[in-house]
Amino acid sequence: MLKFHWRLLQGGETGSASRAAMALRPETARPDIAAQLAFCRLAEDLGFTGLLVDIGAAKPDPIVLASALGLGSRTIEFIIACRSGLQSPAVFAQQINTLSALSDGRVSLNVVAGHSPAEQRFYGDFLDHEERYARTAEFLAICEAFWRHDKPVNYRGRYYAVENGELGSTFVSQRRHRPELLIAGGSAPARELAIAHGDCWMRLPEPPAALEAASRPVLAAGKTVGLRHAIIGARTRAEALEIAYGLREGADRTTPDRQLEGNFIARSDSTSFKAMYQVAETTEWLTPVLWTGLVQSHGAPAIALVGSADEIAAALIDFKHAGTSQFILSGWPKAQSMQFFGEEVLPRVRRLEQRLAVA
Amino acid sequence: MSLSSGRSAHELTRLRFHWSMSAAGDPSRATKARAEVSGIPDLKAHIEFCRTAEQAGLEYLLTAFGSHRPDAVVLAAALGMVSDRIKFLVAVRSGLCSPTAFVQQINTVSVLTGGRVGLNFVNGHSEREQRYYGDFLDHDQRYVRSNEFLDVCRALWAGRGPVSHAGRHFRVEGAVLNTPFRSPERSAPELYIGGASPQAVRQACRHNACLLTTPAPAEQLMARLAPLRAHGGRAGLIVGLIARQTREAALAAADALLQRTNTAARAVHRSFRAQSSSTAFAMTFDRALETEWLSPTLWTGAVPFLGPSATALLGSYDEIADTLMEYGRQGIREFLFLGWPDLDEMQRFGGELAPRVREREMELC
């Protein structure tokens with residue numbers, strides 16, 4: 001069965017605000033625990049597996065936020081976005097272990113490289129894109145050694161050294177000895193990292209044939225592939241298009257979203273975000289349902305499946321045929337779009353999957 | 001013998017009381033080797049600990065740092081959700097985390113808990129353990145680094161625009177965090193420095209922090225605190241508590257405690273002493289082998305069995321209340337207690353000892 005996650009609601013989040021506009025709002029940086037817990041429960045009731053908890057200087061710390069949300073929720077997993085270079089690997093593993101114990105193992109990791117060199121420097125990280133991936137590989141190797149209970153953990157690499165390391169805690173889960181590792185990024189180093197240290201390569205979508213080709217080495221290595229994108233759905237295709245175009249017009253009218261996103265991309269060193277921005281320049285529809293219309297205002301992960309519930313469900317199954325097994329999704333407004341997906345799209349996906357299984 | 005001369009307004013403020021949460025769920029505190037201690041938090045026991053502390057009128061609970069423990073920041077964030085008033089004193093070692101990432105975590109805890117978080121900076125007391133975390137510096141170098149760490153953190157909390165810093169141990173450029181430190185009273189967390197070395201004392205002065213130190217004979221303690229006194233700084237004691245209705249009952253409780261601990265515990269602490277680079281721990285441990293009483297109410301008899309943090313205020317409620325008031329007059333105005341077991345001692349503190357202290361404070365006014 002395909003696994004579906006949504007992005008966690010942020011503090012003060014409403015309507016169709018773009019990623020760049022949200023980053024400027026002070027509310028985004030402040031957890032709104034009542035609203036976010038209600039969102040967790042809604043995601044649980046609708047049958048989602050996890051919620052992505054973002055990382056960034058404009059946001060609360062994701063590990064701390066998930067620690068608070070874990071106590072008030074029951075089944076939802078927290079997909080913690082993490083960057084290497086902020087903490088000692090032992091401290092990170094210890095924090096994730098503690099969180100796992102407090103949430104019955106409802107923790108997985110979305111490992112990101114960081115996409116803004118300027119922001120990395122806030123944290124004392126002056127490495128370039130390729131080196132950040134090399135450091136992340138060391139970081140994950142050490143965390144894995146702690147999770148595997150090497151006694152003791154010894155490591156001497158280019159970026160980290162550990163001598164006779166031991167932790168009194170373990171990753172507490174019925175199913176796993178460590179959190180599931182989603183490795184995010186479309187670049188070659190990201191894919192290699194997923195193959196070497198990850199469980200799942202998380203990336204932005206492209207048409208199924210191209211996706212299948214890019215995924216082949218990952219699947220051949222026994223790892224899985226996941227996609228991150230948006231959903232703009234409605235009862236009919238016409239209504240969905242109306243919503244999509246409305247979002248695009250709203251973006252142009254109410255806030256300088258395009259300008260903010262353009263500035264962000266100009267300074268970013270993310271391979272896949274820059275590539276997606278370029279694609280959106282020339283191609284509005286990558287397939288009849290895969291739309292780039294919001295990418296230049298709402299960011300690369302705003303590439304969206306647009307259509308009726310049937311069309312979206314069919315497109316997701318096409319991605320499944322191309323080798324994809326999980327999705328981190330979002331939409332506008334976040335809660336309503338999640339509800340639409342859970343009530344209208346998810347049952348259709350399950351029916352299609354059942355039919356496939358029987359066939 | 002007073003940190004600040006004369007009866008200042010500072011002296012008239014109430015004594016402040018905190019407790020160590022490091023043995024939540026473990027009534028036999030500190031008798032096991034570290035390898036046998038589980039770093040997996042017992043949530044139910046921790047929640048009970050928080051509730052009892054709130055009922056006893058305590059202010060901070062110390063969430064300690066150590067490789068054999070749960071993570072202090074995560075624990076504070078989670079327990080903040082299931083408590084109402086108690087604050088969390090999160091133990092911090094520098095060198096394990098980017099200062100920016102650290103401030104972001106602490107600020108997030110503050111927003112989640114209504115500002116119920118303070119920080120206890122510690123230097124780390126085992127070089128062996130520091131290396132688990134990739135830290136290969138010695139005791140004195142670690143103080144240099146933690147001063148720099150605190151400089152960056154405090155600049156971020158000061159909120160005067162982007163923070164840049166290029167030092168020996170840390171370099172950040174144009175750092176801006178959108179998550180603020182949120183508290184009804186403060187724009188930055190209250191800072192404590194744990195330790196007894198001259199470096200710890202200087203660090204408390206430099207960062208306007210409260211020195212949270214270990215007990216010692218009166219003259220030694222005053223000599224240790226002299227630089228703080230010159231600076232008008234704050235001081236507190238980390239000390240065990242064995243208080244009962246009468247002195248005889250307290251002595252009997254101490255005897256019972258010694259009988260409960262076993263010889264294995266003695267070996268555990270002797271081996272820890274041998275590899276520790278902490279000045280405070282080493283001094284306390286060695287002294288306890290020489291004498292059992294540092295004053296009529298300050299007892300070190302359990303230190304060989306339970307470790308250096310087992311130096312205890314021991315006596316009747318009235319004796320201890322008088323002792324605490326006397327410390328207060330000397331400028332030591334905060335106390336972080338430990339008990340054996342904690343929950344019982346905490347209840348006695350709230351029901352018997354705290355009211356006696358508050359009465360005495362009222363009389364002074």
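How many of the seven residues of strand S3 of chain A are buried? Hold that thought for a moment, everyone, while I cover the ground rules.

This is a predicted model, in which local features need pLDDT of at least 70, side-chain atom pairs count only at pLDDT 80 or more, and totals for chains, interfaces and linings use all residues. Residues are numbered from 1 along each chain as its sequence is written, while chains are lettered from A and ligands numbered from 1 in the order in which they are written. Helices (H or I, at least four residues) and strands (E, at least two) are DSSP runs, numbered from the N terminus.

Back to S3(A), residues 77–83. Six of its seven residues are buried, so the rest of the structure largely encloses this strand. Buried here means that 20 or more other C-beta atoms lie within 10 Å of the residue's own, with C-beta atoms placed from the backbone.

Now for its neighbours. Strands pair when DSSP finds at least two bridges between them. S2(A), residues 50–53, runs parallel to S3(A) and is joined to it by four bridges; A:Val53 has A:Ile80 as its bridge partner there. S4(A), residues 107–112, also runs parallel to S3(A), with six bridges between them. In S4(A), A:Ile80 is partnered by A:Leu109. From S3(A) the chain crosses through helix H4(A), residues 89–102, to S4(A) in a right-handed β-α-β crossover. S2(A), helix H3(A), residues 62–71, and S3(A) also make a right-handed β-α-β unit. Right-handed means that, with the strands pointing away from the viewer, the path from the first strand over the helix to the second runs clockwise.

Next, helix packing. Axes are lines fitted to C-alpha atoms, for helices over the stretch in contact, with angles from 0 to 180 degrees between N-to-C directions. The axes of H2(A), residues 33–46, and H14(A), residues 334–358, come within 9 Å and cross at roughly 15 degrees. These two helices are therefore roughly parallel (angles under 35 degrees).

Across the chains, the axes of H3(A) and H3(B), residues 72–80, come within 8 Å and cross at roughly 40 degrees. That makes H3(A) oblique to H3(B), a class for angles outside under 35, over 145 and 65 to 115 degrees.

Last stop, chain B. In H4(B), residues 99–113, 15 of 15 residues are buried. At 1.5 Å a residue, times one less than the number of residues, the helix should span 21 Å, and its end C-alpha atoms are indeed 21 Å apart. After H4(B) comes B:Gly114, with a positive phi near 65 degrees. Thanks, everyone!

Technical notes:
Buried ≥ 20, exposed ≤ 12 C-beta atoms within 10 Å, placed from the backbone.
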